[in-house]
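Here is a short tour of one protein chain with its ligand, written for reading alongside the structure. Keep the 3D view open and turn it as you go.

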Amino acid sequence: MNFAARITGTGSAFPKNRVTNIDIVEKLAKLGVETDDRWIRERTGIRERRIADVDNPDEHNSSLGVLAAQKALEMAGKTPEDIEQIIYSTCTPDTLIPSTACWLQHKLGATQAWAMDINAACSGFIYGLTVADQFVRSGQVNTSLVIGGETLSSFLNWEDRSSCILFGDGAGAAIVEQVPGDSRRRILSSHLMSDGSLWELMYIPAGGSSMEVTPERYSQYLHKIKMKGREVFKIAVRTLSDFALRALKKNKMSIDDLDWFVPHQANRRIIEAVANRIDFPMEKVLINVEKYGNTSAATVPTVLDEAVRDGRIKGGQTVLLDTFGAGLTYGAVLIRW
Ligand code: UT7
């Protein structure tokens, strides 16, 4: 018996605190760092983002994941006990151990599932979806929960104006279910690649086992994100374009066969450059970066959820998910919704 995998439910959740560019300008000014609303809007397309309250357990990464998962379960008509596998894609785990997936399992009450984290940074949701697709297609798992969730605000250096203005917090979820192999509506293909030689373009030096956080390193912000934005920008445009075309080619489709393009929401200019490069109309590109900034592994599932819920994405349409992230990691997943 052949199986395929289909996304039957999506959900998303964000912290309550809306932080506008103006709020950031004021926050940075107190630290002696200059920025302005216009620069942020023109260079990134971002107007505001949500920032989690770390002292509120309801806004921990896994708690946002639970809210997103509950909405996805409701859409799929499933209960937490139906879930057999939980894949939590994140580079900002609640704790190093246990995994954020285990925290979520506990809080959600998904007692029949096994749970693990995946860290592919901003490509995490695509990597997680690919793993779920493999398990479901092999027949080992009937129902998988894939989350992309982050609280990146905990890892921002607010004195680094080129990175702190970009990121936000949130979580998106998808229920992936087994369907017969000849189903029209299914995940069609996935395409992943990593290039660890480019680690220096985006990384957090301290806090892992190779570099403990000492008071000296703390004061140097070595436990916070470091990024070479301009280099990342160029690679992002090239790889997002390449992976989009690769996924279409594999399925013998052209750009005209695509109904929706769902790129990683890092910067509106990156998205526009990719659409231009692959000659795809911006009206069919899903974007929410202006409201939430870059939520890393959460960008694709949250913007996807928005379009499913407001009826833009309809059953039978062709939807292409496409990301890049720290690592570097890249990937695309083509879906017939
Ligand atoms: O999930 C992946 C995460 N990372 C990314 O996607 C990053 C991709 N890269 C980017 O989005 C862009 O490169 C940035 C938004 C980070 C920067 O935009 P840019 O247009 O590439 O600017 P730049 O780095 O070339 O800097 C241009 C100028 C510099 O000033 P000088 O040297 O020309 O005087 C920066 O210091 O803009 C300055 N600048 C700022 N000015 C006001 C950088 N950040 C800011 C800021 N406010 N927040």
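Pro98 sits in the loop that links β4 (85-89) to α4. The model is a predicted one, and in it the peptide bond running from Ile97 to Pro98 is cis, with omega near -5 degrees.

A second cis bond is waiting further along the chain. Gly327 and Leu328 are joined by a cis peptide bond, with omega at about -5 degrees. Leu328 belongs to the loop between β12 (318-325) and β13 (329-336).

One more backbone feature is worth a stop. Asp279 is not a glycine, yet its phi is positive, at about 60 degrees. You will find Asp279 in the loop between α9 and α10 (289-292).

**The largest pocket**

Now to the open spaces. The largest pocket holds about 1,100 Å³ of space. It is lined by 41 residues, and those closest to its centre are Cys91, Thr92, Pro93, Phe155 and Ile204. Two elements, α4 (100-108) and β9 (202-203), each give two or more residues to this lining. What is the lining of the largest pocket made of, by residue class? It divides into 20 nonpolar, 16 polar and five charged residues.

Where does the largest pocket lie with respect to domain 1 (3-180) and domain 2 (186-336)? Both domains give residues to its lining, so the largest pocket lies between them.

**The second largest pocket**

The second largest pocket has a volume of about 610 Å³. Its lining comprises 27 residues, with Trp39, Ser162, Gly229, Arg230 and Arg269 nearest its centre. The elements giving two or more residues to this lining are α2 (37-44), α6 (161-164), α8 (229-250) and α9 (268-278). Of these, α8 gives the most, with five residues. By class, the lining of the second largest pocket has 12 nonpolar, seven polar and eight charged residues.

This pocket, too, has a place relative to the domains: domain 1 (3-180) and domain 2 (186-336) both supply lining residues, so the second largest pocket lies between them.

**The ligand**

Next, look at the ligand and what surrounds it. There are 22 residues around the ligand, and Thr35, Arg43, Arg230, Asn267 and Arg269 come nearest. Two of these names, Arg230 and Arg269, are also among the residues nearest the centre of the second largest pocket.

Which side chains bring an N or O atom to a ligand oxygen, and at what distance? The table includes three arginines.

| Side chain (N or O atom) | Ligand atom | Distance |
|---|---|---|
| Arg43 | oxygen | 2.6 Å |
| Arg230 | oxygen | 2.7 Å |
| Arg269 | oxygen | 2.8 Å |

How much of the ligand does the protein bury? Taken alone, the ligand exposes 940 Å², and the protein buries 77% of that area.

To retrace the route in the viewer, begin at the cis bond before Pro98, pass to the largest pocket between the two domains, and finish at the ligand with Arg43, Arg230 and Arg269.

How values were computed. Residues are numbered from 1 along each chain as its sequence is written. This is a predicted model: local features need pLDDT of at least 70, side-chain atom pairs count only at pLDDT 80 or more; totals for chains, interfaces and linings use all residues. Side-chain values use heavy atoms; hydrogens and water are left out. On a 1 Å grid over the protein atoms alone, a cavity is a set of points where a 1.4 Å probe fits but cannot get out, and a pocket is an open set with protein on both sides within 12 Å along at least five of seven lines; lining residues have an atom within 4 Å of a point. Grid points are joined across faces, edges and corners, and a volume is the space filled by probe spheres set on the points. Helices (H or I, at least four residues) and strands (E, at least two) are DSSP runs, numbered from the N terminus. Ala, Val, Leu, Ile, Met, Phe, Trp, Tyr, Cys and Pro count as nonpolar, Asp, Glu, Lys and Arg as charged, and the others, Gly among them, as polar. Domain bounds come from an automatic or database domain assignment. A residue is near a molecule or strand if one of its heavy atoms lies within 4 Å of it. A polar contact is a pair of N or O atoms within 3.5 Å; within protein, one must be able to donate a hydrogen and the other to accept it, and residues adjacent in sequence count only if both atoms are side-chain atoms. Accessible areas come from the Shrake-Rupley method with a 1.4 Å probe; for residues, only the protein chains shown count as cover.
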